[in-house]
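User: I would like a close look at one part of this model, the aromatic side chains and their surroundings. Please give one connected answer.

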Amino acid sequence: MAAAVSPFSGVLQLTDLDDYIGPSQDCIKPIKVDKKPGKAAAAAKIRIEDDGTYFQVDQDGGSQKLEKAKITLNDCLACSGCITSAESVLITQQSHEELSRVLAANKISGSAPKKLVVVSVSPQSRASLAARFKLTPLETAKKLTAFFKRLGVHFVFDTTFSRNFSLLESQREFVQRFRRQAEDKKALPMLAAACPGWICYAEKTHGSFIIPYLSTAKSPQQVMGSLVKGHFAQQQHVTPDQIYHVTVMPCYDKKLEASRPDFFIQEHETREVDCVITTGEVLKLLDQEGLSLSEVAPAPLDGMFNSLSEEQLVGHSGGGSGGYLEHIYKYAAKELFGIQVEELQYKTLKNKDFQEVTLEKDGKTVLHFALAYGFRNIQNLVQKLKRGRLPYHYIEVMACPSGCLNGGGQIKAEGEPGKDLLQQVERLYESVQPETPEMNRAAEELYEQWLGGPTSERARGALHTQYHAVERPSAGFNIKW
C-alpha cells in the first residue's frame, strides 16, 4: 500500500497490501447476475470489454450490459479489512468540492429546494488555521465565520459547545461503570470512543472482545449533529433533511464517522453530519476564492452553539484531544471518593504518548487512568487487556501520535519543522479560557429544554451510540496485528 499518499490515521492503514486506487480507476462491488431457471443460469458468464464495460453473456449468446456499482463509505465500514489509501478517492460526498456544489446550487434561482447550510468548526482546526495565518483563536473564529458566510453558509458554530455534552456523558458513564464493576467484569476499563480511527480499528480487528469496554458517549462532532438536526431544526422550523450540516475537523477519519449508519436519521433520510471537510480543505476553499484568512474582515460569532464568554473564547483543559481523561478523573475523584483534584500529575511511561495518572486514598490507589496515542501504544494496551494485565480504570485512546492537534487533516508545516508548528498549534489551542462543562449554563438549559433531563431516554438516544463487530470473511488475506 502507498502509505505516504493516505491521509487517514496510521491505525487504519494496512502496511503490507498494495491496494492504492488511482484517481483514474474505479472501485466496484461484485456484479449481481440475474439468475434464470434451467441450464442458462449455469452457463451465464461475465465478459469484460476493452473499454472496461461488463456484459452478462447467456448460453444462447445473448448479452446484457451490467452497471458498475460504486463503493460507498458505508461499504468500506462494513468491510472486514481496515481503511486503506483507496478510501481517499472513494469519498465523493465528504469533500470541500461537495460543499461548494451545495452552495452553488443554493444560489441558482428556481432550482430544487434550498438547503439551510450550517458549518461547525472544531477548536483543533481553528488552532491550526490560527497558527498558519498568525492570528489569535478569537480572530480566527470571527474571520472563519465571515468567510463561510461570504460563501453562502447561513450559520457557523463551534464544536467546543457540543463537547460539553460529550464530556458530561462520559463522566456519568464512567462513574456508573465503576460502581457496577463487581458484577460486570467488562465494565472497566472504560476506553474513550471519540476517535473514529480507533473505533474503526477496534470494531474490525478486535470486534466483540473490545466493544463492551468502549464508551458509548457520542463524539463532539456527532453530538453537534444531534443538536443541529434536532433542536436547531425545530428552532428554525425546518425538517432535518432541509439542513446541510458540515463539520471542519483535524482528521480524515471523521469523514468515516459521519458516514456510519448509526448516525443516519431514517425518518428523514438524512445524516446527522452531511459533509466533513478537513482543516487543509478550508485552505483549498480560501485558495479558490483567492483569499488569505488574514485578509477577511471579521464577523460576529453566531450566538447559538458557540463557546464565547464576554468576548473571550472558552474551551476545555486537558490537552488537544478533548480533555476526556482530565475531566472524567476530576469528576470521579469527587463523586466516588470526595476528593477535589485541582491539577493532575502525569507520569510518562515508554513515551510522551503513553502517560498515566493515579489517585490515592488511605495509602491505596483508587483510580488509575492512562492516555494512549498512536498505533503502537494502542496495540500494546489491547494485548495487555487480552492477557488480563491492564491495570487502568480509564484510557483516553487516540489514533494519532500527539493526539487530535496532530491529525492528518491539519495544515502541514511550510519551511519549518513540523514539531515546531505542532508546539505553536498547542500553545494557541491552550490559550483560550478553560471552562468545566458543568459550568456551561447553555448546555444545562438544553438538557432540560431539548432532552427532558440528563437521565431521560431522549438524552440517551441523542447523546450515545453503539458499536458493531465486523465479521471477517472465511477467505481473504491473513493479516495479524
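How many aromatic pairs does the structure hold? Please take one pair in detail, and then set it against the cores and the helix that bends.

Analyst: The model is a predicted one, and it holds 20 aromatic pairs. One of them joins Phe155 and Phe232, whose ring centres lie 5.0 Å apart with the planes at 80°. An angle over 60 degrees counts as edge-to-face, so this pair is edge-to-face.

The two partners come from distant parts of the chain, 77 residues apart. Phe155 sits in strand β5 (residues 155-158), while Phe232 belongs to helix α8 (residues 220-235). Their exposure can be stated for each ring in turn. Phe232 has a relative accessible area of 1% and is therefore buried. Phe155 has 21% relative accessibility, and because buried means under 20%, Phe155 counts as partly exposed.

The pair is also part of a wider arrangement. Ring pairs connect Phe155 and Phe232 with Phe157, Phe161, Phe165, Phe305, Tyr447 and Trp450 in a cluster.

Next, the nonpolar cores. The largest has 49 residues, and those with the most contacts inside it are Phe174, Trp198, Leu367, Phe369 and Tyr394. Helices α6 (159-179), α7 (196-210), α11 (324-337) and α12 (375-386) each give two or more residues to this core, as do strands β6 (190-191), β14 (354-361), β15 (364-373) and β16 (394-398). Another core, of 30 residues, lies apart from it and includes Val119, Leu129, Leu135 and Val156.

Leu367 shows the surroundings of one residue in the largest core. Beyond its neighbours within four places in sequence, Leu367 is in contact with Phe174, Phe178, Tyr329, Ala332, Ala333, Phe337, Val357, Thr358, Leu359 and His393.

The bent helix is α7, one of the contributors to the largest core. α7 bends by about 75° at Lys204. Its 15 residues span only 15 Å between the end C-alpha atoms, short of the 21 Å that a straight helix would reach at 1.5 Å a residue. α7 is mostly covered, with 13 of its 15 residues buried.

For the protein as a whole, there are 15 helices and 17 strands. Of the 481 residues, 54% are buried. Among contacts with a separation of 6 or more, 73% are between residues 24 or more positions apart. The protein exposes about 22800 Å², of which carbon and sulfur atoms supply 49%.

Notes
Residues numbered from 1 in each chain as written. Predicted model: local features only at pLDDT ≥ 70, side-chain atom pairs only at ≥ 80, totals over all residues. Heavy atoms only, no water. Core = buried A, V, L, I, M, F, W, Y, C linked by side-chain atoms within 4.5 Å. Buried < 20%, exposed > 50% of the residue type's maximum accessible area, 1.4 Å probe, protein only. Helix = DSSP H or I, 4+ residues; strand = E, 2+ residues; numbered from the N terminus. Contact = heavy atoms within 4.5 Å. Areas by Shrake-Rupley, 256 points an atom, 1.4 Å probe, with all protein chains shown as cover. Expected span 1.5 Å × (residues − 1). Bend = angle between axes of the 7 residues up to and from the residue. Phe/Tyr/Trp six-rings, centres within 6.5 Å; stacked < 30°, edge-to-face > 60°.
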